[in-house]
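Biologist: I am new to this structure. Please take me through one part of it closely, then show me what else is there.

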Amino acid sequence: MAEETEPKTQLRVGRLTKAHGLKGALKVELYTDEPEHRFTPGASFTLQVPAGSKWRGKSLELIELRWYNSQPVAFFVGITDRSEAETLVKAILWVEQDPTELPAEEDAWYDHQLVGLAVHRDGASVGTVARVEHFPSQDLLIVKTRDGEVMVPFVKAIVPAVDVAAGIVTVTPPTGLFEELPEADDAPDASVADAPDAPEAEASEESETAPEETGTPKPE
């Protein structure tokens with residue numbers, strides 16, 4: 001009988017952006033908040049590369065990650081010169097991850113743990129998490145609803161609770177995020193609605209003979 005293995009998923013943790021120096025090092029764009037955990041000596045990375053790349057289906061073993069002027073630079077086993085390093089530029093690095101493991105940081109989750117969770121507002125479901133988008137300023141939950149996708153800022157004020165075990169993300173969005181607001185042209189014109197009726201002018205012989213005002217009216 002074959003031995004059962006624990007299910008695994010893969011996490012994207014970085015991208016190789018540029019050769020650094022002459023000894024095979026490469027600059028890394030990090031996609032993880034835990035480089036000290038992911039980029040340890042001996043760590044193995046599966047490569048995502050174009051179909052025609054010689055690295056297709058291969059992996060890399062890390063020697064070490066160094067920092068130069070706040071820029072992470074990686075050294076890998078077997079990559080010993082700049083020419084070889086340049087063949088890896090734009091390769092994306094993936095690692096295996098236990099899907100049940102949570103990040104060490106409090107109130108943090110991996111993308112795969114959020115995708116598929118039900119999104120609730122005021123106790124009612126409004127959609128499901130389709131994916132997570134990462135930007136320098138903030139992350140966004142892309143929520144699939146009946147009317148399309150809604151981008152929800154992944155901040156505590158709008159997403160106060162995430163319960164992975166229950167499969168629920170609770171949101172308290174501002175008005176209009178999940179529904180269309182009336183157009184400005186559809187709103188009643190308060191200035192017209194609230195304006196008092198103009199008094200009818202009383203006709204008199206004096207008013208009929210008064211000169212026409214052509215400038216600013218005189219104060220009463």
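Modeller: Start at Thr-32. Set aside its neighbours within four places in sequence, and Thr-32 is in contact with Val-13, Arg-38 and Phe-39. Keep in mind that this is a predicted model. Thr-32 sits in the loop between strand 2 and helix 1 (35-38). Is Thr-32 buried or exposed? Its relative accessible area is 17%. The cut-off for buried is under 20%, so Thr-32 counts as buried. Its side chain also has a polar partner: a polar atom there lies 2.9 Å from the backbone nitrogen of Glu-34.

Now the pockets. The largest pocket has a volume of about 1100 Å³. Its lining takes in 34 residues. Nearest its centre lie Asp-33, Trp-109, Asp-111, His-134 and Asp-139. Two or more lining residues come from each of strand 1 (9-20), strand 2 (25-30), helix 3 (111-114), strand 8 (124-134) and strand 11 (161-163). Strand 1 gives the most, with five residues. By class, this lining has 19 nonpolar, five polar and ten charged residues.

The second largest pocket has a volume of about 280 Å³. It is lined by 13 residues. Closest to its centre are Thr-145, Asp-147, Val-150, Phe-178 and Glu-179. Strand 8 and strand 10 (148-153) each supply at least two residues of the lining. Strand 8 thus appears in the linings of the largest pocket and the second largest pocket. The lining of the second largest pocket divides into four nonpolar, four polar and five charged residues.

Next, the interior. In soluble globular proteins, nonpolar side chains tend to be buried together. Here, the largest nonpolar core has 24 residues. Leu-16, Phe-45, Phe-76 and Leu-88 have the most contacts inside it. The elements that give this core two or more residues are strand 1, strand 2, strand 3 (44-48), strand 4 (59-68), strand 5 (71-76) and strand 6 (92-97). The largest share, four residues, comes from strand 1. Strand 1 also gives the most to the lining of the largest pocket.

Look at Phe-76 in that core. Beyond its neighbours within four places in sequence, Phe-76 is in contact with Leu-16, Leu-26, Phe-45, Leu-60, Glu-61, Leu-62, Ile-63 and Leu-93. Leu-16 and Phe-45 are thus partners of Phe-76, and they are also among the residues with the most contacts inside the core. Another core lies apart from this one. It has 16 residues, among them Leu-117, Val-132, Val-143 and Val-171.

Definitions and conventions
Residues numbered from 1 in each chain as written. Predicted model: local features only at pLDDT ≥ 70, side-chain atom pairs only at ≥ 80, totals over all residues. Heavy atoms only, no water. 1 Å grid on protein atoms, 1.4 Å probe; cavity = no way out; pocket = protein on both sides within 12 Å on 5 of 7 lines; lining within 4 Å. Points joined across faces, edges and corners; volume = space filled by probe spheres on them. Nonpolar A, V, L, I, M, F, W, Y, C, P; charged D, E, K, R; others polar. Buried < 20%, exposed > 50% of the residue type's maximum accessible area, 1.4 Å probe, protein only. Polar contact = N/O pair within 3.5 Å; in protein donor to acceptor, adjacent residues only side chain to side chain. Contact = heavy atoms within 4.5 Å. Core = buried A, V, L, I, M, F, W, Y, C linked by side-chain atoms within 4.5 Å.
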